[in-house]
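Dear colleague,

Please find below the structure that I am handing over to you. My notes on what was found in it follow directly after.

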Amino acid sequence: TTPELTKFVAAVERSLAHCGPDGSHLAVVSFAELRCWRGTRAVWPIHMQHLSRLQPVQLAESIWAVCRVGSPSPTIMSGTLQISDRLA
């Protein structure tokens with residue numbers, strides 16, 4: 001991990017406090033599509049705070065995106081199961 005990446009992820013985390021569900025969804029999907037595991041893990045808890053306000057398509061995209069990153073953390077595994085239960 002480079003210092004620049006660390007600073008960038010921190011800046012994204014700070015900005016997400018003001019972005020709401022759409023911003024958190026965009027951050028999770030974007031970091032995951034870039035295969036940026038550090039960024040994905042950093043914004044996932046913020047994304048999960050907005051779970052009740054996300055549309056079904058956003059929830060499905062979130063699962064799809066984080067599954068492509070590989071080796072998900074227990075927190076992300078638990079979150080994806082929570083999301084899939086919500087979609088069922």
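Of the 88 residues in the protein chain, 42% count as buried. Please bear in mind throughout that this is a predicted model.

**Overall architecture**

The protein chain contains five helices and zero strands. Its pattern along the sequence is therefore written α-α-α-α-α, with each helix being a DSSP run of at least four residues. The C-alpha trace spans about 40 × 30 × 20 Å along its principal axes. Is the radius of gyration what a compact globule would have? For a chain of 88 residues, a compact globule would have a value near 12 Å, and the protein chain agrees, with 12 Å.

The contacts also tell us how the chain is arranged. Among contacts with a separation of 6 or more, 68% are accounted for by residues 24 or more positions apart.

**Surface and charge**

About 5300 Å² of the protein chain is exposed, and carbon and sulfur atoms supply 58% of this area. The chain carries 8 positive and 6 negative side chains. The centres of these two sets lie 5 Å apart.

**The cysteines**

How many disulfides does a search of the whole structure find? The search finds zero. A disulfide is a covalent bond between the sulfur atoms of two cysteines. For the sulfur of Cys 36, the closest cysteine sulfur is that of Cys 67, and the distance of 17 Å is too far for a bond. The cut-off applied here is that the two sulfur atoms must be within 2.5 Å. The surroundings of the two residues may also be set side by side: Cys 36 counts as buried, at 13% relative accessibility, whereas Cys 67 counts as exposed, at 53%.

**A buried residue in helix 5**

Ile 76 is found in helix 5, which covers residues 74-87. Is Ile 76 buried or exposed? Its relative accessible area is 1%, so Ile 76 is buried, the limit for that term being under 20%. Leaving aside residues up to four places away in sequence, Ile 76 touches Trp 37, Thr 40, Arg 41, Trp 44 and Val 66. Ile 76 and Val 29 are 47 residues apart in sequence, while their C-alpha atoms are 13 Å apart in space.

**Residues in the loops**

Three loop residues may be useful to locate in the model. Ala 17 has its place in the loop between helix 1 (3-16) and helix 2. At 64% relative accessibility, Ala 17 counts as exposed. From C-alpha to C-alpha, Ala 17 and Pro 3 are 22 Å apart, with their positions 14 residues apart in sequence.

Arg 35 lies in the loop between helix 2 (20-33) and helix 3 (37-49). Its phi is near 60°, which is a positive value in a residue other than glycine. Arg 35 is partly exposed, with a relative accessible area of 45%.

Gln 55 is found in the loop between helix 3 and helix 4 (56-69). Gln 55 is also partly exposed, its relative accessible area being 48%. Gln 55 and Ala 42 are 13 residues apart in sequence, and their C-alpha atoms are 21 Å apart in space.

With kind regards

Conventions. Residues are numbered from 1 along each chain as its sequence is written. This is a predicted model: local features need pLDDT of at least 70, side-chain atom pairs count only at pLDDT 80 or more; totals for chains, interfaces and linings use all residues. Side-chain values use heavy atoms; hydrogens and water are left out. Buried means under 20% relative accessible area, exposed over 50%, partly exposed in between (1.4 Å probe, protein chains only). Helices (H or I, at least four residues) and strands (E, at least two) are DSSP runs, numbered from the N terminus. The radius of gyration is taken over C-alpha atoms; the globule rule is 2.2 Å times the number of residues to the power 0.38. Contact means heavy atoms within 4.5 Å. Accessible areas come from the Shrake-Rupley method with a 1.4 Å probe; for residues, only the protein chains shown count as cover. Lys and Arg count as positive and Asp and Glu as negative; His and the chain ends are not counted. The place of a charge is taken as NZ of Lys, CZ of Arg, CG of Asp or CD of Glu.
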